[in-house]
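Subject: the structure I promised you

Hi,

Here is the structure we talked about, ready for you to open and turn around on screen. My notes on what turned up in it follow below.

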Amino acid sequence: MEEFLQGKHFSITDPQNVNTVIYQIKETEKEYLKDSPKYTVERLEYTEELVGQNKKKTFFVDEPHPEGDKLVILSFGKEKVVVNMGILEEDRVRISKKPVPMNFKTLYNEEETEYKEFTYTPNLKRPISIIDPETTEEVKPVLFMDENTNEIKGKCKLQPYKSYFAFEVREDKTKRDL
């Protein structure tokens, strides 16, 4: 039996010395919401091809929402990160002008350290991502069961003398939605 993926795709072109990664913001399902973060982030898969000196990336969104999908677009360049918000509607991405409640910061320590614990949803989605800006790869968390709260949590081990980019989408308490 053939399997068909329901989804959308879109492309961007990175200039030299820029590496873009994109995350989809997902709202946690109502049945998990009581003890879980309201929003989680999921990195989009992509393919890459060289176009002259630039890289054309085609990103894929599985099971897109009819009303659109919220995106965090991170473009890593030499010693800086450009953060944009976007919405995938039909077959185009619109860059958002409306601010989204998102915390991001650079993490750096001179000793090996474990970054704070963060809670996962029961279907193993998380509200935070920590990225190595040199490779743009995610730092994979170690999962564990917190016996006191009976929740699945994660911790990331960070290397000394190395900077990381971390971001988390949070609920804006003054508004009902993003």
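Strand 6 and strand 7 make a hairpin with 2 residues between them, and in that turn Glu79 has a positive phi of about 60°. Keep in mind throughout that this is a predicted model. The two strands of the hairpin run antiparallel and are joined by 9 bridges. If you want one pair to look for, take Ile73, whose bridge partner in strand 7 is Asn84.

Follow the chain onward and you meet another hairpin, this time made by strand 7 and strand 8. There are 2 residues between these strands as well, and Glu90 in the turn has a positive phi of about 50°. Here 4 bridges hold the antiparallel pair together, and Gly86 stands opposite Ile95 in strand 8.

Both hairpins belong to something wider. Strands 6, 7 and 8 are part of an open sheet of 5 strands with the order 3-2-6-7-8 and antiparallel pairing. At the edges are strand 3 and strand 8 (92–95), each of which pairs on one side only. From one strand to the next, the twist averages 35°. At the strand 3 end, 5 bridges join strand 2 to strand 3, again antiparallel, and Lys26 has Thr40 in strand 3 as its bridge partner.

There is also an open sheet of 3 strands, in the order 1-5-4 and with antiparallel pairing. Strand 1 (7–14) and strand 4 are its edges; each has a single partner strand, so one side of each is left without a neighbour in the sheet. The twist in this sheet averages 20° from one strand to the next. Strand 4 and strand 5 pair over 7 bridges in the antiparallel sense, with Thr47 bridging to Thr58 in strand 5.

If you were hoping for a helix, no luck: the chain has 0 helices and 15 strands. Of the contacts in the chain with a separation of 6 or more, 64% are between residues 24 or more positions apart. Buried residues make up 37% of the 178 residues.

Now for the inside. As a general point, nonpolar side chains in soluble globular proteins tend to be buried together. In this model, the largest nonpolar core has 13 residues, and the ones with the most contacts inside it are Tyr23, Val72, Leu74, Ile131 and Phe167. Strand 2 (19–27), strand 3 (39–43), strand 6 and strand 15 each give two or more residues to this core. A second, separate core has 10 residues, among them Tyr115, Phe118, Val139 and Leu158.

Ile131 is a good residue to click on. What is it in contact with, leaving aside neighbours within four places in sequence? The list for Ile131 runs to Tyr23, Leu74, Phe76, Thr136, Glu137, Glu138, Tyr164, Phe165 and Phe167.

Last topic, the rings. The structure holds 5 aromatic pairs. One of them is Tyr46 with Phe59, a tilted pair at 5.2 Å centre to centre with 45° between the planes. This pair links distant parts of the chain, 13 residues apart: Tyr46 is in strand 4 (residues 45–51) and Phe59 in strand 5 (residues 54–62). The partners sit in unlike surroundings: Tyr46 is partly exposed, with a relative accessible area of 28%, whereas Phe59 is buried at 0%.

Then there is Phe76 with Phe165. Their ring centres are 5.8 Å apart and their planes are at 90°, so this pair is edge-to-face. Phe76 in strand 6 (residues 69–77) and Phe165 in strand 15 (residues 164–169) are 89 residues apart, so to speak a link between distant parts of the chain. Both of these Phe residues are buried. Ring pairs also tie Phe76 and Phe165 into a cluster with Tyr23 and Phe167.

One more thing while you are in that region of the sequence: the charged end of Lys162 sits over the ring of Tyr164, 6.0 Å from its centre.

Have a look and tell me what you think.

Cheers

Key
Residues are numbered from 1 along each chain as its sequence is written. This is a predicted model: local features need pLDDT of at least 70, side-chain atom pairs count only at pLDDT 80 or more; totals for chains, interfaces and linings use all residues. Side-chain values use heavy atoms; hydrogens and water are left out. Rings of Phe, Tyr and Trp (its six-membered ring) pair if their centres lie within 6.5 Å; planes under 30 degrees apart count as stacked, over 60 as edge-to-face and the rest as tilted. Buried means under 20% relative accessible area, exposed over 50%, partly exposed in between (1.4 Å probe, protein chains only). A charge sits over a ring if NZ of Lys or CZ of Arg is within 6 Å of the ring centre and within 35 degrees of the ring normal. A nonpolar core is a set of buried Ala, Val, Leu, Ile, Met, Phe, Trp, Tyr and Cys residues joined through side-chain atoms within 4.5 Å. Contact means heavy atoms within 4.5 Å. Two strands pair if DSSP finds at least two bridges between them. Axes are lines fitted to C-alpha atoms, for helices over the stretch in contact, and angles run from 0 to 180 degrees between N-to-C directions.
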